[in-house]
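Visitor: I am new to this structure. Please show me how to read its features, one at a time.

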Amino acid sequence: MATVVTTAYRPTAKTEAQAARISIELGIPFVRRNKQAVGKLHEAFNADVLVAAKERLEFYPLGKIEPFFFHPNSSAFRTKRPLEQDPLIEISGLQPGDRFLDCTLGMASDAIVASQRVGERGSVIGCEAHAIIAYVIQNGLAQYGAMPHLTEAMKRIQVIGGIAEDYLAALPDNSADVVYMDPMFTEEITEASNFSPIRAAANYGQLTERWVAEARRVARKSVVLKAHFRSQDFERFGFERRVRPNTKFHYGAIKANKKNFL
């Protein structure tokens, strides 16, 4: 789907300059807003619309009037609890100084939690297949300042735009401690409303034998899967499922137990 970039309804010199810069960086057309509603821009250009607003980037997929924008989401409260008790940290065995690869970055909530855990000596990389979503998340991680306790953790995350399987295939053996995958649920979880504006635009690629095989090759400690509690991917691909009573999703892990780390 084509995308155009524009400004907020009432542009400023700053948002005009930002939109022009984004146009160059992403190679997408910059169109003047001229006080038009986003729906009118959808109709005029038959394209998704990226808005350079005053405080944030907002992405409006074609036909949607609610924007997608970056927010730390669940990481805001998860990082205020003991991190070793977080279900992702607990099942993955992630430790300070580790390397964490998030194959399905999405809103980056899990990546932020992981970054807080690994600290400045560690590293976190997040893959996002949709180029515009990746750009919005990358910008948000760098610019968001409303939660000072997460600022450094967010800035440490490196965003990679591309398909996770391909990125994994290009990595050396044992080049990450934990590889994490949270593919888009085939059954929608109604509580996960932050992603709803881009649900149609998001990548619905599901797990494959190649994806899991590459993840196992790259991971030194563990490969972790988060999926809907009805998902059969845990059993299909050999993950040890961790049942979480009264929740809509479970975690599972394949322990790698490798000793050599490049």
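Guide: Start with burial. A residue counts as buried when its relative accessible area is under 20%, and as exposed when that area is over 50%. In between, a residue is partly exposed. One caution before the cases: this is a predicted model.

Visitor: Is alanine 108 buried or exposed?

Guide: Alanine 108 has a relative accessible area of 0%, so it is buried. Its place is the loop between β4 (99-102) and α5. Look at its backbone too. The phi of alanine 108 is positive, near 70°, and this residue is not a glycine.

Visitor: Which other residue, not a glycine, has a positive phi near 65°?

Guide: Asparagine 246 has that value. It sits in the loop between β9 (240-242) and β10 (249-255). With a relative accessible area of 84%, asparagine 246 is exposed.

Visitor: What about threonine 247, in the loop between β9 and β10?

Guide: Threonine 247 has 24% relative accessibility, so it counts as partly exposed. Its C-alpha lies 9.1 Å from that of histidine 228, and the two are 19 residues apart in sequence.

Visitor: How do I read burial along a helix? How many residues of α5 are buried?

Guide: Go residue by residue and count. Helix α5 spans residues 109-118, and nine of its ten residues are buried. Among them are Ser109, Asp110, Ile112, Arg117 and Val118. After α5 comes glycine 119, with a positive phi near 70°.

Visitor: Now the cysteines. How many disulfides does the structure hold?

Guide: Zero. The test is distance: two cysteine sulfur atoms must lie within 2.5 Å. The closest cysteine sulfur to that of cysteine 103 belongs to cysteine 127, 5.8 Å away, so it is too far for a bond.

Visitor: Are these two cysteines buried or exposed?

Guide: Cysteine 103 is buried, at 5% relative accessibility. Cysteine 127 is buried as well, with a relative accessible area of 2%.

Visitor: How do I read a pair of aromatic rings?

Guide: Two values describe such a pair: the distance of the centres and the angle of the planes. A search of the whole structure gives three aromatic pairs. One of them joins phenylalanine 70 and tyrosine 144. Their centres are 5.7 Å apart, and their planes meet at 80°. An angle over 60 degrees counts as edge-to-face, so that is the name for this pair.

Visitor: Where in the chain do phenylalanine 70 and tyrosine 144 lie?

Guide: In distant parts, 74 residues apart. Phenylalanine 70 is in the loop between β3 (57-60) and α3 (75-78). Tyrosine 144 is in the loop between α6 and α7 (151-155). Phenylalanine 70 counts as buried, at 7% relative accessibility.

Visitor: Which charged residues lie over the face of a ring?

Guide: Take two cases. Arginine 56 lies over the face of phenylalanine 69, 3.6 Å from the ring centre. Lysine 226 lies over the face of phenylalanine 249, at 4.1 Å from the ring centre.

Visitor: How is a pocket found?

Guide: A probe the size of a water molecule is rolled over the atoms, and this shows where empty space is left. Take the second largest pocket here, with a volume of about 370 Å³. It is lined by 17 residues, and Glu55, Arg56, Leu57, Asn139 and Gln143 are the closest to its centre.

Visitor: Which helix supplies the largest share of that lining?

Guide: Helix α6, with four residues. Both α1 (13-26) and α6 (131-143) supply at least two residues each. By type, the lining of this pocket has six nonpolar, six polar and five charged residues.

Visitor: Last, the loops on either side of α1. What should I look at there?

Guide: Begin with proline 11, in the loop between β1 (3-7) and α1. It is partly exposed, with a relative accessible area of 40%. Proline 11 and alanine 53 are 42 residues apart in sequence, yet their C-alpha atoms are 8.0 Å apart. Then go to asparagine 34, in the loop between α1 and α2 (38-45). Asparagine 34 is exposed, with a relative accessible area of 62%. Its C-alpha lies 9.2 Å from that of threonine 7, which is 27 residues away along the chain.

Methods:
Residues are numbered from 1 along each chain as its sequence is written. This is a predicted model: local features need pLDDT of at least 70, side-chain atom pairs count only at pLDDT 80 or more; totals for chains, interfaces and linings use all residues. Side-chain values use heavy atoms; hydrogens and water are left out. On a 1 Å grid over the protein atoms alone, a cavity is a set of points where a 1.4 Å probe fits but cannot get out, and a pocket is an open set with protein on both sides within 12 Å along at least five of seven lines; lining residues have an atom within 4 Å of a point. Grid points are joined across faces, edges and corners, and a volume is the space filled by probe spheres set on the points. Ala, Val, Leu, Ile, Met, Phe, Trp, Tyr, Cys and Pro count as nonpolar, Asp, Glu, Lys and Arg as charged, and the others, Gly among them, as polar. Buried means under 20% relative accessible area, exposed over 50%, partly exposed in between (1.4 Å probe, protein chains only). Rings of Phe, Tyr and Trp (its six-membered ring) pair if their centres lie within 6.5 Å; planes under 30 degrees apart count as stacked, over 60 as edge-to-face and the rest as tilted. A charge sits over a ring if NZ of Lys or CZ of Arg is within 6 Å of the ring centre and within 35 degrees of the ring normal.
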